[in-house]
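Open the model in your viewer and keep the selection panel at hand. The tour goes stop by stop.

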Amino acid sequence: MTEPKLLPLLLTGVEAAATIAFALSGLIEAARRRLDAVGVCMVAGLAAFGGGTLRDVLLDRRPFFWVEHAAWLWVLLALCLVAMSVLRAQHFAPTERAMQWPDALGLGLFSATGTQLALAQGLPAIVAVLMGVITAVFGGVLRDIVCNQIPSAFSDHRPYAVCAFAGGWVLVGAQALALPDGWGLLSAAAVASGLRAAALLTGYQLPGWSSGQDNEG
Amino acid sequence: MTEPKLLPLLLTGVEAAATIAFALSGLIEAARRRLDAVGVCMVAGLAAFGGGTLRDVLLDRRPFFWVEHAAWLWVLLALCLVAMSVLRAQHFAPTERAMQWPDALGLGLFSATGTQLALAQGLPAIVAVLMGVITAVFGGVLRDIVCNQIPSAFSDHRPYAVCAFAGGWVLVGAQALALPDGWGLLSAAAVASGLRAAALLTGYQLPGWSSGQDNEG
Amino acid sequence: MTEPKLLPLLLTGVEAAATIAFALSGLIEAARRRLDAVGVCMVAGLAAFGGGTLRDVLLDRRPFFWVEHAAWLWVLLALCLVAMSVLRAQHFAPTERAMQWPDALGLGLFSATGTQLALAQGLPAIVAVLMGVITAVFGGVLRDIVCNQIPSAFSDHRPYAVCAFAGGWVLVGAQALALPDGWGLLSAAAVASGLRAAALLTGYQLPGWSSGQDNEG
């Protein structure tokens, strides 16, 4: 009888860890680019909530996550203030390495839930999968745009959005097979997170533009 | 009896050619900035559909074009994958020159349809014309922002948005004169595309900031 | 009997002066970055109306200010055309200094009204205050993103968004104390504008990232 309560608790834990990992990615990027306290908080918030908010604007859904759970804005503010007083530049790289794993979990969870929300609105499969990708990836994209850099999700040749893309199709497949919702979500998230973890462990690189090979030839 | 069928077919053809021209502009820009495969697809999609999507968000219209015609997302994906395997860096400049003409047609078509959608919502003329400009121009603006560059539509001194602006006013005028919708749309698109083509052929430059003349004096 | 008429007139005057100050900030930034006439008008419009428009998209409110008061688009266009013919590069710095004061008034007014709109929708206090900040600050943020710079509101270490934040909380407090709406709005705007004016006069700097002190040590 414990399992029905354990799963939601686990999901909430993953969601919280991933949101903090996303926020820290924004916080560190903002610190690297020498933003001030306001910029650090804003970019951390954008990294944490930007993807889901953009998805909700596109799907015309309200309220946003951070409106319904406004306590998260206080958590984010506290996180930024604490980090600004304890985190030094030499901590950035180790923090980023530690955050890769909750971030990979978040990639799976957010792409699965984003895809599901879009499927529930009756959108075509490819659109729903894209919404999952936007949910998981565009927080980081907006973070990088505000920090005046080309989004790393679009340029670092490491699989990130493609893992979310693959996970989304798992959910579409699970719904087509009429599997229970929970199983579909879990397998989609597991595939996306697993692919991301495998990419991190193997150092696999996405193919770049083929003209890059021209230069080497 | 063929004309009533020919016109919609022609419009669909122009729309498809222009959308591909917009997508290729994003694809080439992304390749120039050394984005990876994910970035190339995302920026191509943003260039192709970003302007219409932003207009629809501002006008609170749903579904978006790429939701209603989701097959276009597959076309875009295929276009990117094919281009990444066949297009080399030395092809970029000739491709861009070839794409100027379908792009000019798209400028006319999208500014006219964007303006008409806004007029149909009862918006003021100046707002409707601006919506036409946004439809035609902001795909490229978003493309350039993501590629970490000042939007070329705002800085290259070649008439682009102003052609869309002029076309929009032609539509407003046609509606004020109670001309049939088809004629208004066609003349608006023709004026915008024609002005763009004339600008391309003559190399006309928009006035820049007058302080530029100070430096020369 | 004059006061009931004087206050709305005063507010309209402050709103107009602040909108022009915001637009001029965009215009000058666009000129500095060598944008063309189209870019100057677009960035000026984004600086003037971007914050309120983003707030309205997030709150799902229509019509936008510049749709309801479309005459402002003509004012903006005229402002840009006049400025492009009379403003020289050596005028930019003095113009910016003169605009600091209507800009500070706008910071107060727009953060107060943005917060109030969100409170009227029943949103949580922290969300409403954030909406006030977005209203007052994100026009400048979008201006800087389009001009390919890190937003100065996030990086110049001068209090701007925090003044709007403080003003928002004054309004929340005034509503909690059931003060009349007018008084709450006025005190919120006065606190935000007053803090900004004090920051301008004293040259107070926001704390930056603490690793900056590491480098000095």
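## Inside chain C, then out to the interfaces

Start with helix 5 and helix 8 of chain C: their crossing is right-handed. Bear in mind that this is a predicted model.

**Stop 1: helix 5 against helix 8.** Select residues 92–120 of chain C for helix 5, and add helix 8 of chain C. The two axes come within 9 Å and cross at roughly 45°. Helix 5 of chain C and helix 8 of chain C are therefore oblique to each other.

Now show side chains. On helix 5 of chain C, pick L107(C), G108(C), S111(C), A112(C), T115(C), Q116(C) and L119(C). They meet C163(C), A164(C), G167(C), G168(C), L171(C) and Q175(C) of helix 8 of chain C. Colour this contact by class: 6 residues are nonpolar, 7 are polar and none is charged.

**Stop 2: helix 6 against helix 8.** Keep helix 8 of chain C, residues 161–176, and select helix 6 of chain C, residues 125–146. At what angle do the axes of helix 6 and helix 8 of chain C cross? They cross at roughly 135° and come within 8 Å. That makes helix 6 of chain C oblique to helix 8 of chain C. The crossing of helix 6 and helix 8 of chain C is right-handed.

From helix 6 of chain C, select A125(C), A128(C), V129(C), G132(C), V133(C), A136(C) and V137(C). From helix 8 of chain C, add A161(C), A164(C), F165(C), G167(C), G168(C), W169(C) and V172(C). By class, this contact has 11 nonpolar residues, 3 polar ones and no charged ones.

**Stop 3: chain C on chain A.** Bring chain A into view. The contact takes 25 residues from chain C and 25 residues from chain A. Which elements of chain C give two or more residues to the side that touches chain A? They are helix 6, helix 7 (152–155), helix 8 and helix 10 (211–216) of chain C. Helix 6 of chain C gives the most, with 4 residues. Colour the chain C side by class: 16 nonpolar, 7 polar and 2 charged.

**Stop 4: chain B on chain A.** Swap chain C for chain B. Here the contact takes 24 residues from chain B and 25 residues from chain A. Select helix 2 (37–59), helix 4 (71–86) and helix 6 (125–146) of chain B; each supplies at least two residues of the side that touches chain A. The largest share, 6 residues, comes from helix 2 of chain B. The chain B side has 16 nonpolar, 3 polar and 5 charged residues.

**Stop 5: the axis.** Show chain A and chain B as traces. A turn of 120° with a shift of 0.0 Å along the axis lays chain B on chain A, with an RMSD of 0.0 Å. That is the relation of a three-fold axis. Select N148(B): in chain B, its C-alpha is the nearest to the axis, 3.7 Å from it. The copies use different surfaces, as 12% of the contact residues of chain B recur in chain A.

Repeat with chain C. A rotation of 120° with 0.0 Å of shift along its axis superposes chain C on chain A, at RMSD 0.0 Å. In chain C, the C-alpha nearest the axis belongs to N148(C), at 3.7 Å. Different surfaces are used here too: 12% of the contact residues of chain C recur in chain A.

Technical notes
Residues are numbered from 1 along each chain as its sequence is written. Chains are lettered from A and ligands numbered from 1 in the order in which they are written. This is a predicted model: local features need pLDDT of at least 70, side-chain atom pairs count only at pLDDT 80 or more; totals for chains, interfaces and linings use all residues. Copies are superposed by least squares on the C-alpha atoms of residues with pLDDT of at least 70 in both. Two residues are in contact if their C-beta atoms, placed from the backbone, lie within 7 Å. Ala, Val, Leu, Ile, Met, Phe, Trp, Tyr, Cys and Pro count as nonpolar, Asp, Glu, Lys and Arg as charged, and the others, Gly among them, as polar. Axes are lines fitted to C-alpha atoms, for helices over the stretch in contact, and angles run from 0 to 180 degrees between N-to-C directions. Angles under 35 degrees count as roughly parallel, over 145 as roughly antiparallel, 65 to 115 as roughly perpendicular and the rest as oblique. A crossing is left-handed if the near helix is turned anticlockwise from the far one by less than a right angle, and right-handed if clockwise.
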